[in-house]
Amino acid sequence: MESYEIDIRGKVYPIKSIRNLCGHSIAPYKIHAGKNVPIIKTASKDKMEEGELYAIETFASTGKGWINEAGECSHYMKEYDAKPVPIRHAGAKSLLKHINEEYSTLAFCRRWLDRAGEKDHLAGLNYLCDAGVINPYPPLVDIKGSYVAQFEHTILLKPTCKEVLSRGDDY
């Protein structure tokens, strides 16, 4: 990836791999299932095994190649292994019921909550995040003015081959 560059509106940028992001294994209702698939050389000893699913992700940047969280959070996911905690906030309790029914442990965004009629949900969402029930996923950014791109395929490891489940007509 880093042997390439990109021309954007007449300016040429070198491309860097984003070093602190990676692909990952996937399990039913657990998007990040535990094994990482680095996009740069690491000392990882994780081994892919037959029958496992993976999100093979590459991330490129015209910046420094290091991502930080910044900006207002809009995306969330219920913690797969969340321990039961008493919810004393009425709005949070109602919101968690909606999240469990509609998304379970899959990702969702605040605008979906708005569309579903979950008005004034931010206080309840913050309560659930503070309680460790919901994980926030704020925007990821490199340096100001840089461009970032992601490409992803989902693969299934079969006994004799890999099957690319996300392959479509467009790629």
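**Notes on the predicted model: cysteines, K35 and helix 3**

1. Start with C109: its sulfur sits 10 Å from the closest cysteine sulfur, that of C73, which is too far for a bond. Keep in mind that this is a predicted model. A disulfide here would need two cysteine sulfur atoms within 2.5 Å, and by that rule the count is 0 disulfides.

2. The cysteines are worth a look for exposure too. C109 is buried, at 2% relative accessibility. C161, on the other hand, comes out as partly exposed, with 41%.

3. Now the overall picture. The protein chain has 3 helices and 13 strands. Its C-alpha atoms fill a box of roughly 55 × 45 × 35 Å along the principal axes. Of the 171 residues, 29% are buried. The accessible surface is about 11400 Å², and carbon and sulfur atoms account for 53% of that.

4. How do the contacts spread along the sequence? Take those between residues at least 6 apart in the protein chain: 67% of them join residues at least 24 apart.

5. K35 caught my eye. You'll find this lysine in the loop between strand 4 (22-26) and strand 5 (36-38). Is K35 buried or exposed? Its relative accessible area is 18%, so K35 counts as buried, the cut-off being under 20%.

6. What does the K35 side chain reach? One partner is the backbone oxygen of K47, at 2.6 Å. Another is the side chain of E52, joined to that of K35 by a polar contact of 2.8 Å. If you set aside neighbours within four places in sequence, K35 is in contact with G23, H24, S25, D46, K47, E49, E52 and Y54.

7. On to helix 3, which covers residues 122-130. Which of its residues are buried? They are G124, L125, L128 and C129. These buried residues lie on the same side of helix 3, because they cover an arc of only 140 degrees around the axis. As background, an α-helix has 3.6 residues a turn, so residues three or four places apart point the same way.

8. What do those buried residues pack against? The partners include two helices, helix 1 (90-102) and helix 2 (110-115). The strands they pack against are strand 8 (75-78), strand 9 (108-109) and strand 10 (134-137).

9. One last backbone detail: just after helix 3, have a look at G132, where phi is positive, at about 80 degrees.

Conventions:
Residues numbered from 1 in each chain as written. Predicted model: local features only at pLDDT ≥ 70, side-chain atom pairs only at ≥ 80, totals over all residues. Heavy atoms only, no water. Buried < 20%, exposed > 50% of the residue type's maximum accessible area, 1.4 Å probe, protein only. Helix = DSSP H or I, 4+ residues; strand = E, 2+ residues; numbered from the N terminus. Arc of directions from axis to C-beta. Contact = heavy atoms within 4.5 Å. Polar contact = N/O pair within 3.5 Å; in protein donor to acceptor, adjacent residues only side chain to side chain. Areas by Shrake-Rupley, 256 points an atom, 1.4 Å probe, with all protein chains shown as cover.
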